[in-house]
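Welcome, and please load the model in your viewer. We will go from stop to stop, with something to select at each one.

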Amino acid sequence: MDLLAKQSLDDPLNSARSATLEMLAQHPQGYSLPQPFYNDERLFQLDMQEIFEREWLFAGMSCEIPAKGNYITLNIGNNPVLIVRGDGGTIHAFHNVCRHRGSRLCLSEKGKAAKLVCPYHQWTYELDGRLLFAGTDMGENFDLSAHGLKPIALTEAGGFLFINLSENPSPIDDLKETLEHYLAPYEMENLKVAVSSSIEEDANWKLVIENNRECYHCNGAHPELLNSLQEFDDSDDPRATPAYRELVKRKQDDWDAMQVPWQLTRIGRRNRLTRTPLLDGIVSMTMDGKPACKKLMGRLTSPDMGSLRILHLPNSWNHFMGDHALVFRVLPLGPQRTMVTTKWLVHKDAVEGVDYHPEEMRRVWDATNDQDRRLAEENQRGINSLAYQPGPYSPTYEFGVIDFIDWYRETLSANLAKTPTLRLAEA
């Protein structure tokens, strides 16, 4: 019987908290997590409250809302979120919740609006969140200024939009500075989303991230991806061959000549950036290795830029090449259900059907995403078994997974220790 099951049913909030802290403290480093972390509703609620409602999350790209009134929406668990561009190009993030009776304001994933109008009773808000109109039936003493939209902390960093639902977000200046340095050559304001897709995976969000953090499975699972992608993360990879290290050195000299950053940079365990070559002679993650878009991004003059890999825990990994980029966003939907959204970015002046063909651009990662979905779902099914117990990670093939699990354990433990009460649903 696991520690959660031993706790008193009369006190599910504190018992789940104390049991989780105990399991985290007892967990051996370098092993997968105990079963409840992957399938228990109480642990899922803890993840949402202590990770996804406290940490900086990747929400979208600033190029998705290029003009005043453009907006995107997303859901962080039970929290609908609205991100909109207002006057002077300022980007705002709000809880997508009307201050009248709580209805969602914007119902589409993206759109454009002159004002934010609640579809229920037509309360109307300015793009900066101020309540402008609440009808004449609220009484003459009703204070519009006291009922503006509730803001959410937002930071734009190198074209990425990060949000934080907590009241006192931790600093993110180091990530902002780093992303702006690495992404300056791409001139992020001059990109657009060429195509996007979202898939639901019947697996815990941590299994989705774990699968991404290693290529141990790639040879047996991803033939399309391995037409272009190197198995190694960087030249420090303990499995890297002399031939790969020589290729890395040659490409780094090329990138230096173009004044394009490539150095491996880590910000704790949460963020990791590095530019690494694709296979020699390959310039893009396409079926034939040739550019997916004829118009290069930003000030780049060569399509042979390898892949700038960007990791942001808990919910994003990304690949930036010379001709196009891929951004990935992970959002938990339940203890064993996760949404993975992929967006393909190109230069904003690239013309569909002329400079790029969406079906060709997305072919490799559509196949890879579906393959990863099946792997994560089979992983989940096995973990649900009575036979499951935490297993050892390979320190060479799965060092990225070890880093993720260490970050998760440390972050969840620290945040639980700060939380006086929990809002767990009764299991």
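Let us begin where two domains meet. About 1500 Å² is buried between domain 1 and domain 2, and 69% of that area is on carbon and sulfur atoms. Select Phe58, Cys63 and Phe160: these three supply 35% of the area that domain 1 buries against domain 2, more than any other three residues. Keep in mind as you look around that this is a predicted model.

Now colour the two domains. Domain 1 covers residues 57-164, and domain 2 covers residues 176-384. Their centres, taken over C-alpha atoms, are separated by 31 Å. Across the boundary, 16 residues of domain 1 are in contact with 21 residues of domain 2.

**Stop 1: the annotated span**

Select residues 56-163. An unreviewed UniProt entry places the feature "domain: Rieske" here. How much of the span is helix, and how much is strand? Helix makes up 0% and strand 40%. Look also at the two ends of residues 56-163, where the end C-alpha atoms lie 6 Å apart.

**Stop 2: two cysteines without a bond**

Stay in this region and show the side chains of Cys98, Cys106 and Cys118. For Cys98, the closest cysteine sulfur is in Cys118, 3.9 Å away, which is too far for a bond. The sulfur of Cys106 also has Cys118 as the place of its closest cysteine sulfur, but at 9.6 Å, so no bond forms there. Is Cys98 buried or exposed? Its relative accessibility is 3%, so Cys98 counts as buried. Cys106 is buried too, because its relative accessible area is 7%.

**Stop 3: Val117 and Gln122**

Next, pick Val117, which is found in strand S6. Its C-alpha is 8.9 Å from that of Cys98, with the two positions 19 residues apart in sequence numbering. Leaving aside residues up to four places away in sequence, Val117 touches Leu105, Gln122, Trp123 and Thr124. Val117 is partly exposed, with a relative accessible area of 41%.

One of those contacts, Gln122, deserves a click of its own. Gln122 sits in the loop between strand S6 (116-117) and strand S7 (124-125). Its phi is near 65°, a positive value in a residue other than glycine. Most residues other than glycine have a negative phi. With a relative accessible area of 40%, Gln122 is partly exposed.

**Stop 4: Glu187**

For another positive phi, select Glu187: the angle is about 45°, although the residue is not a glycine. Glu187 lies in the loop between helix H5 (173-183) and strand S11 (191-201). At 28% relative accessibility, Glu187 counts as partly exposed.

**Stop 5: the disulfide**

Which cysteines form a disulfide? Select Cys215 and Cys218, whose sulfur atoms are 1.9 Å apart. A disulfide is a covalent bond between the sulfur atoms of two cysteines. The structure holds 1 disulfide. Turn the view to look along the S-S bond: the angle about the bond is -110°, and the link of Cys215 and Cys218 is left-handed. Both partners count as buried, Cys215 because its relative accessibility is 12% and Cys218 because its value is 4%.

**Stop 6: a cis peptide bond**

Move on to Leu313 and Pro314, which are joined by a cis peptide bond with omega of about 20°. Most peptide bonds are trans. Pro314 is placed in the loop between strand S14 (307-312) and strand S15 (316-320).

**Stop 7: Pro392**

Select Pro392, in the loop between helix H10 (363-383) and H11. At 59% relative accessibility, Pro392 counts as exposed. Now add Leu33 to the selection: Pro392 and Leu33 are 359 residues apart in sequence, yet their C-alpha atoms are 9.9 Å apart in space. Not counting residues up to four places away in sequence, Pro392 touches Gly30, Tyr31 and Glu398.

**Last stop: helix H11**

Finish by selecting residues 399-418, the 20 residues of helix H11. Why would a span of 28 Å be expected for this helix? The estimate takes 1.5 Å a residue, and the end C-alpha atoms of H11 are 29 Å apart, which agrees. Show the surface around H11 and you will find the helix mostly covered, with 14 of its 20 residues buried.

Notes. Residues are numbered from 1 along each chain as its sequence is written. This is a predicted model: local features need pLDDT of at least 70, side-chain atom pairs count only at pLDDT 80 or more; totals for chains, interfaces and linings use all residues. Side-chain values use heavy atoms; hydrogens and water are left out. Helices (H or I, at least four residues) and strands (E, at least two) are DSSP runs, numbered from the N terminus. The expected span of a helix is 1.5 Å times one less than its number of residues. Buried means under 20% relative accessible area, exposed over 50%, partly exposed in between (1.4 Å probe, protein chains only). A disulfide is a pair of cysteine sulfur atoms within 2.5 Å. UniProt positions are given in the numbering used here, feature names are shortened, and annotations may be inferred rather than shown by experiment. Domain bounds come from an automatic or database domain assignment. Contact means heavy atoms within 4.5 Å. Buried area is the accessible area (1.4 Å probe) that two parts lose on being put together, summed over both.
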